[in-house]
Amino acid sequence: MKEPLRRASVPARRLFITRMLRNVSLAVLGLAGGAVAVKRRRLLREGKCLNQGMCRMCDVFDDCGLPRALSTRNVVARIHGGER
Ligand code: SF4
(Lines give C-alpha, C1' and ligand atoms only; values in the text may rest on other atoms or scores of the structure.)
Protein backbone atom coordinates (compact mmCIF):
# COMPACT_ATOMS: atom_id res chain seq x y z
CA MET A 1 0.00 0.00 0.00
CA LYS A 2 2.80 2.43 0.82
CA GLU A 3 4.95 1.64 -2.23
CA PRO A 4 2.64 3.20 -4.93
CA LEU A 5 2.35 6.36 -2.90
CA ARG A 6 6.14 6.62 -2.58
CA ARG A 7 6.64 6.14 -6.33
CA ALA A 8 3.99 8.65 -7.19
CA SER A 9 5.53 11.29 -4.96
CA VAL A 10 9.05 11.13 -6.45
CA PRO A 11 8.32 13.51 -9.36
CA ALA A 12 6.49 15.79 -6.99
CA ARG A 13 9.49 15.81 -4.67
CA ARG A 14 11.84 16.51 -7.58
CA LEU A 15 9.65 19.36 -8.71
CA PHE A 16 9.49 20.71 -5.17
CA ILE A 17 13.27 20.53 -4.74
CA THR A 18 13.87 22.10 -8.16
CA ARG A 19 11.52 24.96 -7.40
CA MET A 20 12.96 25.38 -3.93
CA LEU A 21 16.52 25.57 -5.29
CA ARG A 22 15.42 28.04 -7.95
CA ASN A 23 13.69 30.24 -5.42
CA VAL A 24 16.62 30.05 -3.01
CA SER A 25 18.98 31.01 -5.86
CA LEU A 26 16.80 33.98 -6.77
CA ALA A 27 16.65 35.05 -3.13
CA VAL A 28 20.44 34.82 -2.79
CA LEU A 29 20.90 36.85 -5.98
CA GLY A 30 18.46 39.47 -4.74
CA LEU A 31 20.16 39.69 -1.37
CA ALA A 32 23.60 39.96 -3.00
CA GLY A 33 22.37 42.74 -5.28
CA GLY A 34 20.83 44.57 -2.36
CA ALA A 35 24.02 44.19 -0.32
CA VAL A 36 26.08 45.65 -3.16
CA ALA A 37 23.69 48.60 -3.51
CA VAL A 38 23.72 49.25 0.24
CA LYS A 39 27.52 49.02 0.34
CA ARG A 40 27.90 51.49 -2.55
CA ARG A 41 25.52 53.92 -0.89
CA ARG A 42 27.38 53.61 2.43
CA LEU A 43 30.77 54.19 0.78
CA LEU A 44 29.48 57.30 -1.00
CA ARG A 45 27.97 58.58 2.26
CA GLU A 46 31.35 58.10 3.95
CA GLY A 47 33.04 60.04 1.15
CA LYS A 48 34.85 57.08 -0.33
CA CYS A 49 35.27 56.66 -4.05
CA LEU A 50 33.70 53.63 -5.70
CA ASN A 51 35.72 53.54 -8.91
CA GLN A 52 39.29 54.45 -7.97
CA GLY A 53 38.85 58.01 -9.17
CA MET A 54 37.91 57.21 -12.75
CA CYS A 55 34.85 59.41 -12.79
CA ARG A 56 34.04 59.37 -16.48
CA MET A 57 33.55 55.60 -16.43
CA CYS A 58 31.75 55.55 -13.09
CA ASP A 59 28.11 54.51 -12.84
CA VAL A 60 27.27 57.16 -10.24
CA PHE A 61 29.10 60.06 -11.87
CA ASP A 62 25.96 62.10 -12.48
CA ASP A 63 24.86 61.87 -8.84
CA CYS A 64 28.23 61.79 -7.07
CA GLY A 65 29.05 64.64 -4.74
CA LEU A 66 32.68 63.77 -4.02
CA PRO A 67 35.26 66.47 -4.77
CA ARG A 68 36.85 64.56 -7.62
CA ALA A 69 33.48 64.13 -9.36
CA LEU A 70 32.63 67.81 -8.85
CA SER A 71 35.98 68.79 -10.31
CA THR A 72 35.57 66.43 -13.25
CA ARG A 73 32.06 67.75 -13.96
CA ASN A 74 33.43 71.27 -13.82
CA VAL A 75 36.19 70.45 -16.30
CA VAL A 76 33.79 68.62 -18.61
CA ALA A 77 31.38 71.55 -18.51
CA ARG A 78 34.20 73.95 -19.33
CA ILE A 79 35.40 71.80 -22.22
CA HIS A 80 31.95 71.34 -23.71
CA GLY A 81 30.76 74.83 -22.79
CA GLY A 82 33.79 76.56 -24.33
CA GLU A 83 34.65 78.53 -21.15
CA ARG A 84 38.25 79.53 -20.56
S1 SF4 B 1 32.01 59.64 -9.68
FE2 SF4 B 1 34.22 59.75 -9.43
S3 SF4 B 1 34.54 60.37 -7.28
FE4 SF4 B 1 32.42 59.64 -7.48
S5 SF4 B 1 32.54 57.49 -6.92
FE6 SF4 B 1 32.70 57.57 -9.13
S7 SF4 B 1 34.91 57.63 -9.53
FE8 SF4 B 1 34.62 58.12 -7.36
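The legends below describe close-up views of one chain and its ligand in a predicted model. Residues are numbered from 1 along each chain as its sequence is written. Because the model is predicted, local features need pLDDT of at least 70 and side-chain atom pairs count only at pLDDT 80 or more, whereas totals for chains, interfaces and linings use all residues.

**View 1. The chain as a whole.** The chain has two helices and zero strands, these being DSSP runs numbered from the N terminus (helices H or I, at least four residues; strands E, at least two). Of its 84 residues, 2% are buried, a term that requires 20 or more other C-beta atoms within 10 Å of a residue's own, with exposed meaning 12 or fewer, partly exposed lying in between, and C-beta atoms placed from the backbone.

**View 2. The surroundings of the ligand.** Among the 13 residues around the ligand, those that come nearest are Cys49, Asn51, Cys55, Cys58 and Cys64, where a residue is near if its C-beta atom, placed from the backbone, lies within 6 Å. The shell comprises ten nonpolar residues, two polar and one charged; Ala, Val, Leu, Ile, Met, Phe, Trp, Tyr, Cys and Pro count as nonpolar, Asp, Glu, Lys and Arg as charged, and the others, Gly among them, as polar.

**View 3. Gln52 in the loop.** Gln52, in the loop between α1 (2–45) and α2, has a positive phi of about 50° although it is not a glycine. Most residues other than glycine have a negative phi. Gln52 counts as exposed because it has 8 C-beta neighbours inside 10 Å.

**View 4. Ser71 in helix α2.** Helix α2 lies largely in the open, because one of its 15 residues is buried. Ser71 lies in this helix, and its C-alpha atom is separated by 9.8 Å from that of Cys55, 16 residues apart along the chain.
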